[in-house]
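Colleague: I've got the picture open and plenty of questions. Let's go through them one at a time.

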Amino acid sequence: MKNIKKIFALFLCAAVILSAFSGCSGDDAQQNSGKKLVAGATTGFFGAESLDVANNWDGWIMSIYGISENLFRLDENFSPVAWIAESYSRIDSKTWQFKIRENVKFSNGGDVTAQAVKDCLDRTYLENSRAQSTLAVESIEADGQTLTITTPQENPTLLNSLCDPLFGIYDAQSEPDSVTGVSCTGPYMAVDFTAMTDVKMVKNQYYWGAEPKLDEVELKVMDDANALQMALQNGEIDMIAQLDARSADLFSDNDEYTVSAVTSSRSDFLMYNLNPFGTQDQAVREAIGYCIDRESFADTVYNGYAKACYGVYPNIFDFGSTQGISLGVSEYDISRAKQILKDAGYADTNSNGTLDKDGKELSLRVVTYSYNSASTQLCDMLQATLSEVGIALEITTYDVLDDCLKSGDFDIAVLSYAMAPTGTADYFINMMFTTGATNNYGGYSNDLVDDCALSLSNEFDGQKRTELVKQICQEILNDRPFDFVANQQFICVYSSKVTGVQVNPSEYYLITANIDITEE
């Protein structure tokens with residue numbers, strides 16, 4: 001009897017072991033049969049605080065991830081095309097009607113109806129202060145698959161505004177999950193997420209468009225440019241999104257990689273705090289403008305993947321042309337900067353190398369992103385040049401700048417923003433230039449700018465809109481609350497195994513249903 005029990009026990013143990021090996025083999029086979037893409041980028045491009053479209057700027061990142069989608073999407077010419085919305089019509093000067101596509105579902109299987117879209121937009125307006133400044137609405141109504149949006153005044157750029165990832169469509173009836181976030185309509189959905197670090201995704205089985213070609217996608221935040229390059233070279237990742245321009249040459253003449261670049265609306269610029277001693281003085285701001293070597297910055301730091309800017313907007317847009325505009329600062333001229341400061345009454349009275357006036361020294365604090373090498377290099381270049389004219393510059397970097405900027409604890413902020421990601425000038429004007437704008441941290445206020453911005457908001461004529469934008473740009477260049485330095489190209493590099501990548505100048509889209517990877 002004991003021998004029988006032993007034989008049975010051995011048989012059972014063997015069966016369990018065989019089952020375990022069989023299970024492992026099955027899992028491995030299943031994993032090996034799937035296609036997985038791993039991409040890396042810096043915090044500024046991949047780093048999300050949450051997977052909630054309505055939270056801060058996370059909608060932008062979720063659009064890049066391929067998780068969220070909008071009613072409309074921008075093409076390569078910054079023109080809005082219908083996406084979750086199938087069509088639209090204008091009922092009157094302030095009322096727009098949209099037909100929501102049939103048979104679109106959220107990643108949780110819920111139907112995307114007009115009511116679901118309304119619930120989503122209602123929550124976004126409640127949760128995010130940028131929503132109303134980006135697209136002012138009076139009411140949103142839903143009836144079946146018909147969504148009606150009424151604006152308080154005529155809005156010529158409403159379709160462009162609806163492309164802003166802040167208005168990504170998600171299921172507002174379900175509370176955001178701490179790991180998977182909100183349920184959206186994109187080709188991929190999150191299954192694991194660590195804030196500002198990593199997101200793992202799988203294909204959305206309910207996706208309404210063409211079936212996503214990848215089974216899994218992992219996106220990693222890596223703020224060390226060298227680590228990103230090495231990760232791609234050793235096969236740890238398959239793609240670098242928003243590649244550091246200095247690194248492009250490492251991959252551009254190698255058949256193992258593809259480098260894709262497109263001119264975007266992104267600009268490197270200085271924002272001045274108009275309250276502290278020094279930067280409140282326009283003469284100081286003008287002198288600093290002459291101390292920025294824009295050409296060297298674009299050619300050296302960006303390796304030619306950027307263009308020096310003395311105006312405001314990139315010249316890829318009609319409203320970005322500087323024709324007919326007085327630039328004020330139009331060259332790099334340290335001698336001119338010294339003379340401006342001397343004429344304004346600044347002098348080195350105690351011979352310590354730093355100019356002073358009325359008993360106060362021109363010692364300024366500049367803040368920027370810790371992870372953006374171009375921004376930190378611009379600070380270094382500025383620090384070296386300003387020391388020649390007698391302005392001391394202290395550089396402080398932050399992983400997240402929001403708190404510092406909101407508190408006003410800076411003299412100069414070196415920033416990198418997409419200025420017209422929706423294809424219109426209104427976006428940046430209403431966010432940065434108008435009195436009390438959400439990101440107008442320097443406290444700039446100009447009645448003419450405010451008036452022109454208001455006129456722009458309901459002007460449909462293209463030529464008149466361009467004239468209004470140029471008036472605003474002229475005021476910005478006259479007052480110098482900002483100094484625009486260079487307009488960037490958006491660069492991605494990826495393994496030759498990767499196909500279907502479409503680099504969009506808006507920067508809103510990266511992971512799409514079309515991206516594929518060849519199995520080895």
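**Inside the model**

Colleague: Which residues is Phe433 in contact with, leaving aside its neighbours within four places in sequence?

Modeller: Here, contact means heavy atoms within 4.5 Å. Skipping those sequence neighbours, the partners of Phe433 are Val312, Tyr313, Phe428, Asn440, Tyr444, Val449, Ile472, Ile476, Phe482 and Phe484.

Colleague: Before we go on, what kind of model is this?

Modeller: Residues are numbered from 1 along each chain as its sequence is written, and side-chain values use heavy atoms, with hydrogens and water left out. Local features need pLDDT of at least 70, side-chain atom pairs count only at pLDDT 80 or more, and totals for chains, interfaces and linings use all residues: this is a predicted model.

Colleague: Which strand gives the largest share of the largest nonpolar core?

Modeller: A nonpolar core is a set of buried Ala, Val, Leu, Ile, Met, Phe, Trp, Tyr and Cys residues joined through side-chain atoms within 4.5 Å, and buried means under 20% relative accessible area, with exposed over 50% and partly exposed in between (1.4 Å probe, protein chains only). The largest core has 167 residues, of which Phe46, Tyr313, Phe428 and Phe433 touch the most other members. Nine residues, the largest share, come from residues 482–495, which is strand β19. In soluble globular proteins, nonpolar side chains tend to be buried together.

Colleague: And how many residues of helix α9 are buried?

Modeller: Helices (H or I, at least four residues) and strands (E, at least two) are DSSP runs, numbered from the N terminus. The buried residues of α9 are Ala283, Val284, Arg285, Ala287, Ile288, Gly289 and Tyr290. So this helix, residues 282–290, is largely enclosed by the rest of the structure, with the buried count being seven of the nine.

Colleague: Which residue's side-chain oxygen reaches a backbone nitrogen at the start of α9?

Modeller: A polar contact is a pair of N or O atoms within 3.5 Å; within protein, one must be able to donate a hydrogen and the other to accept it, and residues adjacent in sequence count only if both atoms are side-chain atoms. Here the backbone nitrogen belongs to Ala283, and the oxygen that comes to within 2.9 Å of it is from Asp281.

**Charged pairs**

Colleague: Lys36 and Glu218 meet in a salt bridge, so how many residues apart in sequence are the parts they tie together?

Modeller: A salt bridge is a side-chain nitrogen of Lys or Arg within 4 Å of a carboxyl oxygen of Asp or Glu. In this pair the N to O distance is 3.4 Å. Lys36 lies in strand β1 (residues 36–41) and Glu218 in strand β10 (residues 216–221), so the distance along the sequence is 182 residues.

Colleague: Is Glu218 buried or exposed?

Modeller: Its partner Lys36 is partly exposed, with a relative accessible area of 35%. Glu218 comes in at 9%, and so it counts as buried.

Colleague: Which residue forms a salt bridge with Arg123?

Modeller: Arg123 sits in helix α4 (residues 114–127) and counts as buried at 17% relative accessibility. Its partner is buried too, at 11%. The closest N and O atoms are 2.7 Å apart, and the partner is Asp52.

**Sheet and neighbours**

Colleague: Which strands stand at the edges of the open four-stranded sheet?

Modeller: The order is β4-β5-β7-β6, with antiparallel pairing, where two strands pair if DSSP finds at least two bridges between them. Each edge strand has a single partner, so one side of each is left without a neighbour in the sheet: these are β4 and β6.

Colleague: Which residue in the turn between β6 and β7 has a positive phi?

Modeller: Five bridges join these antiparallel strands, and Ser139 has Thr150 in β7 as its bridge partner. The two strands form a hairpin with two residues between them, and the positive phi, about 65 degrees, belongs to Gly144.

Colleague: Last one: which residue's side chain makes a polar contact with the side chain of Arg365?

Modeller: Arg365 is in strand β16 (residues 363–369) and is buried, with a relative accessible area of 15%. Its side chain also reaches the backbone oxygen of Asp409 at 2.2 Å. The side-chain pair is joined by a contact of 2.4 Å, and the partner is Tyr398.
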